[in-house]
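Good morning, everyone, and thank you for making time for this. Please bring up the structure on your screens, and I will walk you through a few parts of it.

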Amino acid sequence: MEKEKRVLKATKSEEEKKFGRLKRSIIMGYALIVMIGAAAISFVCIHLSQKAFQKEVGDLVSELSIQMSINLDSYLENMENFNTLVFSEKTNYTYDATNNNLDEYTALETEKAIKNSLYSLCIMDNYVDYFIVYSNEHTVGKYSNGTRDLFGGKIYENAKEYASNPRTQDGWFTGFQGDYKRIYYVKRVNENALLVTSIYTSELSSNFEHAGNFPEMKIRVTDSDDTILYSATKEEIGTKLQADLLTIMDGKENANFISDEYLIAVTTGMNDWHVICTLPSSALGKEMQRIAMATITIAILAVVVCILFSVLFVMKMTNPMQNIVEDLDKKASIDALTGIYNKKTFEEKVAKRIASLQDGKLIFILFDVDNFKGVNDNLGHAYGDKVLSDVGKIMRAKFREKDVLGRLGGDEFAVLLHLSSFSEIPLEEFINERCSALCSDFRNYYTGDQKDYKISISMGVSIYGEHGADFDSLYKSADRALYGAKQAGKDTYRLYKRNDGSAEGGAKS
Amino acid sequence: MMRRKRMIGAALSLAVSAMSLCGCADKTIVNEQQKQTTISFSWWGNEERNEYTMEAIDAFERLHPEIKVDYYFTEWSGYQTRNDIKMASNTESDVMQINYAWITQYSPTGEGYYDIGELAEYIDLSNFTEKEINYGMQKGHLNALPIALNTETFYFNETLFEEYQLSFPKTWDDLFAIASKIPEDKFVLGMPQKSVWMLCAAYAEQKNGKQFISADGELKFNAKDIEDMLDFYCRAVDARVMPGMDYYEKSNIGKGIYLGYLAWISDAGSYSADAVKNGYTIVATDYLTVDGGALTGWYAKPATMYAIGKNTEHPKEAAMLLDFLLNSEEMAKCQGLEKGIPLSTSALTVLSEEGMLEGIQYEAYEKMMEYDQEIAIMSPYHETQSLIDAFSDACNAVYYDVKTLEEAAKELETEFTKILRETRGE
């Protein structure tokens, strides 16, 4: 039974290899398809989610820009409202320093009163300038040296044009002679006087504070000529907005833009000043990477799951098929009665052994059951089949796993043995030992109801290379030797002898 | 059956792993906002001071990104009114530039400002001598730390003096003599309102040999002494020694219209900047005296101080800023000599190493140190702004003949007494 399993196992391994290859091919193919599919889906997902993320951030930047523009407008409006307080004292807007009708002391006292009024108004805020200038360039109030130097003492002449709002007669300006350090607000007080106030440009920063989650974000204020009026990077103030940003913005005043390089949001408020928030797309890299990593991780896990399922599926599908094929294969190659190879398979195996022989000798033993016809005739075919089945059992028990055993037809059997060149047993001794042992095993074999019918075998032996170079020639040589054994009285064996066509062998014991 | 269960289990655990890996599990995503401690800082000063102080604040915020500094500034005029409002409404800044006089004014019991001594672990007090620390002590509490020592000093345009073949004045009479020798469109001196006040007070103190206001805020001058102050002003304006207070324009120093000026050491640099730009040489000269008289009437004081608001909610951060303003390399470089020669040894070391201990301010500082034994520490009440405003009004009233000298002096004596009583908190 063990031997049968071994023969079957030897036969199975070939088939398993084939099926293994098939399974692997199916799984590999499936895995490849899944991987390509997952990669394609991941690519699309990453692309779409990154675009969606960029759009969301773009919208947030846009919201921020709108809010900051509102902050800035509110800040400027508050200043405008605050400056109207100058009109709370009648003297402030009725006094005219160009009117020479007042005596010097009265003029001085009036101006002192105006000055005190202005000081009391502006003390709570960081004004750089807070004064009234008259058409003769005489000033009353807080008049900074920086402003004095900038306008060369001619501020009325230079600033009056900025009070251009037809209703409120006021206006904002900065950048006079390229100086953007201060932002000025001017308002006409009377036909010969202007109120001039100024703040440092850096004061605007309070309008642009944000959570700071994107430290790379830049917030700038530009005028209608795209000159930067405010930026946290002071060196930029007074310069033109960089060309690549202008190209992306393309003259639009209230919009947000998502390009490969930047997320930009621009909002236009008072004075036609633009609040521009820019965020380099690279700033989103970390978040985008996280999205990509999450997508790839899911894809990899999905691929692993799919492959695992495919392995299980293929196993589930191929195992029964493999069993059927193996069963069929077994039926096709194994003689059902004896459990050893049938003639066709035996021939193939012999041919393979011959082809793969590297050293040693191959010995071909052909034998048949003596008086087998008598068994059939006297005991019936059922006994005959039992005898044949027992021959198979004896052979499987007698020979090694590496020996090839076959039933060539009827009661004719064959064995192919290998004698290694390293073996210390001489060839003829080896043949003699094996054949004698086999004869001996059959000599003790009885069959029939009462075990009353004795069985023996006769064997013919040929050696590969000496008596034949293939199955047919080895068979023929062995068959002639078998004939010799039969002639010699059966229950013996004969080795083929080429020269005289006879054979030599062992004697009956 | 068991195998199927195992497969389902494996698939579920894979899905859970995937969800947790990509953060899809049901959990709240928290993104912390950058939280900063906001403290406020206020100062007065000119544009130069505003600009470098803002620059220094930027540097401080870079060093301490966890702290944001909101700042408030204005010129000297109006700053005290604002300070009055802030102190009275308990909304004063966490860190304040204060005047020497304010310690007694706002903190008579020593509790009007935060006791900086309690924050010594954040402020390197070893940069100051005991005497310097004592300038800020009030009733056992360290209310403020001084930035530099200051005094009113004379500066003259050497180029014009050479041109007009004049010598620098040494006595009060010299001022009038020089005025008579220069063109009619020029003045010997130009100075802002407060310096006119200091000048007139110094003259009267020397002439009458008595102190104007005592250290504890008592008026020592009588109406006659005040008459001398008013009279000196009117004579000086009439003689073109100086323009009327309301006509003073700083730019006239640079234009050479004023041959000199009286200013705090801390202001000397900014006052002379335009003149130097225009090719003039400005030098610090001697303090004026009555011919042969003693050098009285000229005072030194800590040139502004830094204090911490008594109501501050962030004393640690306020102390860190205060330390930065007084002792840091960054602030020392930004500030230079604008507030005078710093008292902080670490700031002084930085300026020395940077070769910044030079120029008109350093010259004036050396002049002050030359007379170190003769120049007394100023009474904290001497600079009370309402005294100055009252004097200014009286000067105009007398000059324009609205009031007589005697009338105005008598009224001023009463007014000064009242103001000082109020300032002392009586």
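Let us begin in chain B of this predicted model, with helix H8, residues 193–208, and helix H9, residues 223–238, whose axes come within 9 Å and cross at roughly 125 degrees. Because an angle over 145 degrees would count as roughly antiparallel and 65 to 115 as roughly perpendicular, H8(B) is oblique to H9(B). The crossing of these two helices is right-handed.

Which residues make the contact? On the side of H8(B) you will find Val196(B), Cys200(B), Ala201(B), Tyr203(B), Ala204(B), Lys207(B) and Asn208(B), while H9(B) brings Asp225(B), Asp228(B), Met229(B), Phe232(B) and Tyr233(B). Sorted by class, the residues of this contact of H8(B) with H9(B) are eight nonpolar, one polar and three charged.

Now please move along chain B to helix H11, residues 265–277, and helix H15, residues 360–370, where the axes come within 8 Å and cross at roughly 150 degrees. Here, too, the crossing of H11(B) and H15(B) is right-handed. The contact is made by Ile265(B), Ala268(B), Gly269(B) and Ser272(B) from H11(B), together with Ile360(B), Gln361(B), Ala364(B), Tyr365(B) and Met368(B) from H15(B). In this contact of H11(B) with H15(B) there are six nonpolar and three polar residues, and no charged ones.

Let us turn to chain A and to strands. As a reminder, strands of a sheet pair through backbone hydrogen bonds, either parallel or antiparallel. In chain A, five strands form an open sheet in the order E7-E6-E10-E9-E8, and the pairing is antiparallel. Where do E7 and E8 of chain A stand? Both stand at the edges, each with a single partner strand, so one side of each is left without a neighbour in the sheet. On average, and with direction ignored, neighbouring strands of this sheet are turned by 20 degrees against each other.

If you zoom in on one of those edges, you will see strand E8, residues 255–258 of chain A, running antiparallel to strand E9, residues 262–268 of chain A, with four bridges joining the two. Among the bridge partners, Asn256(A) is matched with Ala265(A) in E9(A), and Phe257(A) with Ile264(A) in E9(A). The hairpin that joins E8(A) to E9(A) passes through three residues.

Finally, a word on confidence: the model scores ipTM 0.76 and pTM 0.68, and for chain B the mean pLDDT is 89, with 92% of its residues reaching 70 or more.

Key:
Residues numbered from 1 in each chain as written. Chains lettered and ligands numbered in written order. Predicted model: local features only at pLDDT ≥ 70, side-chain atom pairs only at ≥ 80, totals over all residues. Pairing = 2+ DSSP bridges. pLDDT = per-residue confidence, 0-100. Axes fitted to C-alpha atoms, helices over the stretch in contact; angles between N-to-C directions. Parallel < 35°, antiparallel > 145°, perpendicular 65-115°, else oblique. Left-handed = near helix turned anticlockwise from the far one by under 90°. Contact = placed C-beta atoms within 7 Å. Nonpolar A, V, L, I, M, F, W, Y, C, P; charged D, E, K, R; others polar.
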